[in-house]
Amino acid sequence: MTGTGSALGVPAERREGRQKVTGGARYAAEHPLPGRVHAWPVPAGVARGRVTAVHTEAALDLPGALAVLTHDNAPRITEPDDPTLAVLQTPGVPHRGWPVALVVARTPEEARAAAEAVRVEYAVEEHDVRLTADHPEAYEPEKANAGFPARREWGDPDGAFASAPVRVDVSYHVPPLHNHPMEPHTSTAHWDGDRLVVYTSSQGGTAVRAVLTALFELPEDRVTVVADHVGGGFGSKGTPRPDVVLAVMAARETGRPVTVALPRRHLPSVVGHRAPTLHRLRLAADTGGRLTALTHEVVTHTSRIKEFVEQAAVPARVMYATPASRTLHRAVRLDVPSPSWMRAPGESPGMYALESAMDELAGALGMDPVDLRVLNEPEREPDSGKPFSSRHLTECLREGARRFGWDRRDPRPRARGEGPLLLGTGVAAATYPVLVGPSRAEARALPDGSFVVRVNATDIGTGARTVLAQVAADALGVPLERVRSEIGDSDLPSAPLAGGSSGTASWGWSVHRACTELADQLGSRTGPLPDEGITAHADTAGLADADSPYARHAFGAHFAEVAVDTVTGEVRVRRMLGVFAAGRILNARTARSQFIGGMTMGLGMALTEGSTMDAAFGDFTEADLASYHVPAHADVPAIEAHWIDEEDAHLNPMGSKGIGEIGNVGSAAAIGNAVHHATGVRFRELPLTPDKVLAGLARPVTSGRGG
Ligand code: MOS
């Protein structure tokens, strides 16, 4: 029933756009339940130790104060799989900022005041929060995040490196980074008779329900999790966070609906961060520019309570042909907050380092960096040996170069200026895996000729409602306006999270299947539909999660132009241009927003974003949006996202790859490479803030070779 006039690919507007801009869309703290009260966590004031006493009298004497929950009196929960959710169960303090009490009061202001009046005593232990490449406790884990083996090796990378005529041996440093979505992590919990209803800001309500049923030992049909609108997540809301557990505890304890909206200042220590990564790359090539060895070794940190290893060396297993390679991750357990997912975990810092090193290799070879990448295109995925389902990285690089005007570039560094400004351009490649998970969906045809698709998808700002209606309209062969989509409620057919750039593929596959089945039913019947309509169900378990004989990834190329102020050290990006190969683009408007959003996040990573671990205090010093600067409009230049039409029959029925994360991958490297081209100085530690740039400009110019 697909064909001309398909709803797929059209730039349909977001269906909830008007609701959002008029304030009608309800977020997790905005459900005005009768008797609703507010809770405020008390963060641990030490980096390691044990709570020995919690003095709550002064807090409970304050106006509006209703209760203080501590590890002594909080409801007991079943031990969670995710140790970061085991809040108020023991006196242990695994890191500074860990919640040690929760104050409930009538208003948020009263809850905050009472929380500040709680006095906590600790038995303090020595802490270590300092990550170094040679940390004595560094170990090689079995797996990095997402189940990747920590180490992969083929050929003789050390021997090949030692004997190569052209070599680059360089180290890069990416600091801790924080997701900082506009809407902080928030949950409102209430007991409606014997049913628990939770409004939460999450990327996946089905998983939140599963966790709550386990922790509070409730049957699934008594728990409803609503995530109707979500103000961003970027991975920090990929799994339930302490706010939802604390809200349910407080609602149970007080018998009132309770909202826990984590204060912005609490986010850095309790909802995860991108762990810092220390990279060492050794690239060797023959004089013609073909790689003969590639090693990428990463050291990162994790917390005492949870192992999360940023898989930053993994993209080097996908990108370039080389007869010898080693990629490996080591981690150090420190007394730090638990790291977690942040947009393109692994690829984002990994490709910053790899694509910067490739630029350094191009410099050492005297070769154009686009040509170097094209020359080293692999026939098959280097690590697995599998054929690519589609790749088209060369096309992205060539098309990007054409649109950007790369052929007019003078390759010499520090060759262009405007008064005190140095100008430069840079390129980097992008990759992100194609992920997809099993999902259920329901499709209904109603007698008035309209259709409803239902799936517990989550819209974290991407336009999920809209694109799922497009998938449905396409499969049904009906106009888009006739299809409504219902998402964001765990009573709907269960579905995986909006994460891993997999949401549209996962939910869309089941929606497509339910609609195809419904179309068949409609085609074989005559006469009017019953009042309640007719319904088809789909479940893609066993389909969407089947192993593929193909290596499936999206690819892309970023180009950036920067101006570096030699007086102030400020780097301004003048333009950014990305070209992506991501399968079939299902909504041209919202897809462009996703690519541009990812590129903007890369701009922040390159220039302004970074969290500093205070070694004495044991926590991140940047705890607000003034000190952790996420790009604002004034930072974002002329920015363009394009894509090439990619047909790939080995993905899903829509032919799409994920687009949420690829825009972020490599964009920081393109900017860093442009800064090198502008200044002749190679900066290897992000972000490129004015202090670092001025210090670098004061140093003698270094060659591209050596570390
Ligand atoms: Mo994203 S870090 O996969 O939510």
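Three short exercises on a predicted model follow, each with a worked solution.

**Exercise 1.** Find which residues of helix 3 are buried, and explain why they line one face.

*Solution.*
- Take helix 3, residues 108-117: Glu110, Ala111, Ala114 and Ala115 are buried.
- Look down the axis of helix 3. The buried residues fall within an arc of 135 degrees, so they line one face.
- The general rule: an α-helix has 3.6 residues a turn, so residues three or four places apart point the same way.
- Turn to the face away from the buried side. Glu109 and Glu116 are exposed there.
- Now list the packing partners of the buried residues: strand 1 (37-43), helix 2 (57-60), strand 3 (65-70) and strand 5 (99-105).

**Exercise 2.** Decide whether His31 is buried or exposed, and describe its surroundings.

*Solution.*
- Locate His31 in the loop between helix 1 (17-21) and strand 1.
- Apply the cut-off: buried means under 20% relative accessible area. His31 has 11% relative accessibility, so His31 counts as buried.
- Check contacts. Leaving out residues up to four places away in sequence, His31 touches Arg26, Arg36 and Tyr199.
- Check polar atoms. A polar atom of the His31 side chain lies 3.4 Å from the backbone oxygen of Tyr27.

**Exercise 3.** Characterise the interface of domain 2 and domain 3.

*Solution.*
- Start with the separation: the domain centres, over C-alpha atoms, are 37 Å apart.
- Count residues. Domain 2 gives 17 to the contact and domain 3 gives 17.
- Take the area: the two domains bury about 1,600 Å² between them, 60% of it on carbon and sulfur atoms.
- Find the main contributors. Arg96, Arg265 and Pro268 supply 31% of the area domain 2 buries against domain 3, more than any other three residues.
- Finish with polar terms: the interface holds 3 salt bridges and 5 residue pairs in polar contact.

How values were computed. Residues numbered from 1 in each chain as written. Predicted model: local features only at pLDDT ≥ 70, side-chain atom pairs only at ≥ 80, totals over all residues. Heavy atoms only, no water. Buried < 20%, exposed > 50% of the residue type's maximum accessible area, 1.4 Å probe, protein only. Helix = DSSP H or I, 4+ residues; strand = E, 2+ residues; numbered from the N terminus. Arc of directions from axis to C-beta. Contact = heavy atoms within 4.5 Å. Polar contact = N/O pair within 3.5 Å; in protein donor to acceptor, adjacent residues only side chain to side chain. Domains from an automatic or database assignment. Buried area = accessible area lost by both parts, 1.4 Å probe. Salt bridge = Lys/Arg side-chain N within 4 Å of Asp/Glu carboxyl O.
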